[in-house]
Amino acid sequence: MKAIAYTRNLPADDPQSLQDIELPTPTPGPRDLLVRVEAISVNPVDVKIRANRQPKEGRPEVLGWDAAGVVEAVGAQVSLFKPGDRVWYAGALDRPGANSEQHVVDERIVGAMPASLSFAQAAALPLTAITAWELLFDRLRVLDNRGPSGRALLVIGAAGGVGSILVQLARQLSGLTVIGTASRPETQEWVRQAGAHHVIDHTRPLADELARIGIPQVEYIAGLTATDQHFEAMAQVIAPQGAIALIDDPAAIDVRKLKGKSAALHWEFMFARSMHKTADMQAQHDLLTQVSRLIDAGLLRTTLGEHYGKINAANLRRAHAFIESGRARGKIVLEGFGA
């Protein structure tokens with residue numbers, strides 16, 4: 001089967017950083033699905049691993065943690081899916097990625113693809129939808145309650161992949177006032193279209209921007225990017241007994257700044273359930289199923305921002321480079337294998 005892999009940590013613009021290769025078709029384990037991959041999307045985790053994690057013994061390593069496709073075969077203990085089902089998922093960090101024609105994945109972290117979306121539209125969502133859902137409901141423990149709550153959520157980096165779906169989820173499933181940050185006119189408009197009540201500029205002091213819209217403190221903060229730069233401001237604007245959830249990797253933050261407000265700090269890492277085979281691992285199947293229903297009901301929309309064409313090394317290198325530029329809006333998707 002065709003696949004795209006890396007063997008060394010090289011810059012995205014190096015022709016050897018990602019290469020087209022051939023690999024044997026994998027065999028599904030007892031709880032696995034063998035999926036024919038139709039479309040993928042690219043996430044910051046792909047970029048970080050390509051740049052920093054050395055493949056074992058120089059063997060090709062396949063990246064890719066977002067896919068939509070069709071089940072071709074199932075393991076002996078599979079009960080949730082059958083051959084022919086259209087599925088979407090983000091996969092597991094400790095298994096080969098989905099940048100290949102066929103891919104094996106545990107059924108417990110797979111959902112039925114929304115009937116109203118194309119493969120490309122669906123591939124944009126799984127990793128970010130899982131991350132956003134877990135951050136909002138499992139980490140911040142926001143109630144799934146559409147009644148006005150008088151509380152506010154600040155989403156820092158709301159135009160990116162996670163932010164684009166987090167804003168939608170918070171607007172549709174909670175009574176929170178949703179405030180997104182974005183710095184350019186086109187990304188600010190993107191965040192408004194996702195449903196944010198207010199959009200502010202994170203290149204300006206957050207306290208000043210929040211004061212400008214009449215909300216000087218917020219009960220919840222989702223820190224999706226540049227936490228190193230924003231943490232001081234987060235500690236300033238978080239309300240007493242509020243909660244902050246982070247997904248990025250700040251080098252150092254002084255969490256003592258939260259003590260005076262009894263504010264909580266959480267980390268969201270959507271691969272934790274699959275890496276540790278937690279007892280509630282199937283929660284990701286369940287939430288993907290719920291997101292699929294919300295999309296088909298017209299309450300949520302795809303976050304596809306750019307379509308980069310066929311799934312091949314050249315197009316993936318271009319996608320990695322664009323993500324590294326920090327200017328991505330929504331998700332970059334590739335579809336079908338070929339030149």
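**Reading pockets, a helix and three exposed residues**

Modeller: The second largest pocket has a volume of about 490 Å³. Of the 21 residues lining this pocket, Pro60, Glu61, Val62, Arg95 and Pro96 are the closest to its centre. Two elements, β4 (61-62) and β7 (102-106), each give two or more residues to the lining. The largest share, three residues, comes from β7. This is a predicted model: local features need pLDDT of at least 70, side-chain atom pairs count only at pLDDT 80 or more, and totals for chains, interfaces and linings use all residues. Residues are numbered from 1 along each chain as its sequence is written, and side-chain values use heavy atoms, leaving out hydrogens and water.

Biologist: What counts as a pocket?

Modeller: On a 1 Å grid over the protein atoms alone, a pocket is an open set of points where a 1.4 Å probe fits, with protein on both sides within 12 Å along at least five of seven lines; a lining residue has an atom within 4 Å of a point. Points join across faces, edges and corners, and probe spheres set on them fill the volume.

Biologist: And how are β4 and the other elements named?

Modeller: They are DSSP runs numbered from the N terminus: helices (H or I, at least four residues) and strands (E, at least two).

Biologist: What is the volume of the largest pocket, and which residues are closest to its centre?

Modeller: Its volume is about 1300 Å³. Among the 49 lining residues, Pro44, Leu224, Thr225, Ile247 and Asp248 are the closest to the centre. The elements giving two or more residues to this lining are α1 (44-52), α3 (126-139), α4, α7 (227-237), α10 (313-324) and β16 (331-335).

Biologist: Where does the largest pocket lie?

Modeller: Domain 1 (2-126 + 279-335) and domain 2 (144-268) both contribute lining residues, so the largest pocket lies between them. Those bounds come from an automatic or database domain assignment.

Biologist: How many residues of each class line the two pockets?

Modeller: The largest pocket has 22 nonpolar, 18 polar and nine charged lining residues. For the second largest pocket, there are 10 nonpolar, five polar and six charged. Here Ala, Val, Leu, Ile, Met, Phe, Trp, Tyr, Cys and Pro are nonpolar, Asp, Glu, Lys and Arg charged, and the others, Gly among them, polar.

Biologist: Is α4 mostly covered or exposed?

Modeller: Mostly covered: 11 of the 13 residues in α4 are buried. Buried is under 20% relative accessible area, exposed over 50%, and partly exposed in between (1.4 Å probe, protein chains only). Ser164 lies in α4 and is buried, at 1% relative accessible area. Beyond residues up to four places away in sequence, Ser164 touches Ala158, Ala159, Trp190, Ala194, Thr303 and Gly330, where contact means heavy atoms within 4.5 Å.

Biologist: What span should α4 have?

Modeller: Take 1.5 Å times one less than the number of residues. The 13 residues of α4 (161-173) should span 18 Å, and the end C-alpha atoms are 18 Å apart, which agrees.

Biologist: Which residues have a positive phi without being glycine?

Modeller: Two examples are Arg141, with phi near 60°, and Ser262, at about 50°. Arg141 sits in the loop between α3 and β9 (152-156) and is exposed at 63% relative accessibility. Ser262 belongs to the loop between β13 and β14 (264-267); its relative accessible area is 55%, so Ser262 is exposed.

Biologist: What is Gln241 in contact with?

Modeller: Leaving aside neighbours within four places in sequence, Gln241 is in contact with Lys261 and Ser262. Gln241 is in strand β13 (residues 238-246) and is exposed, with a relative accessible area of 71%.
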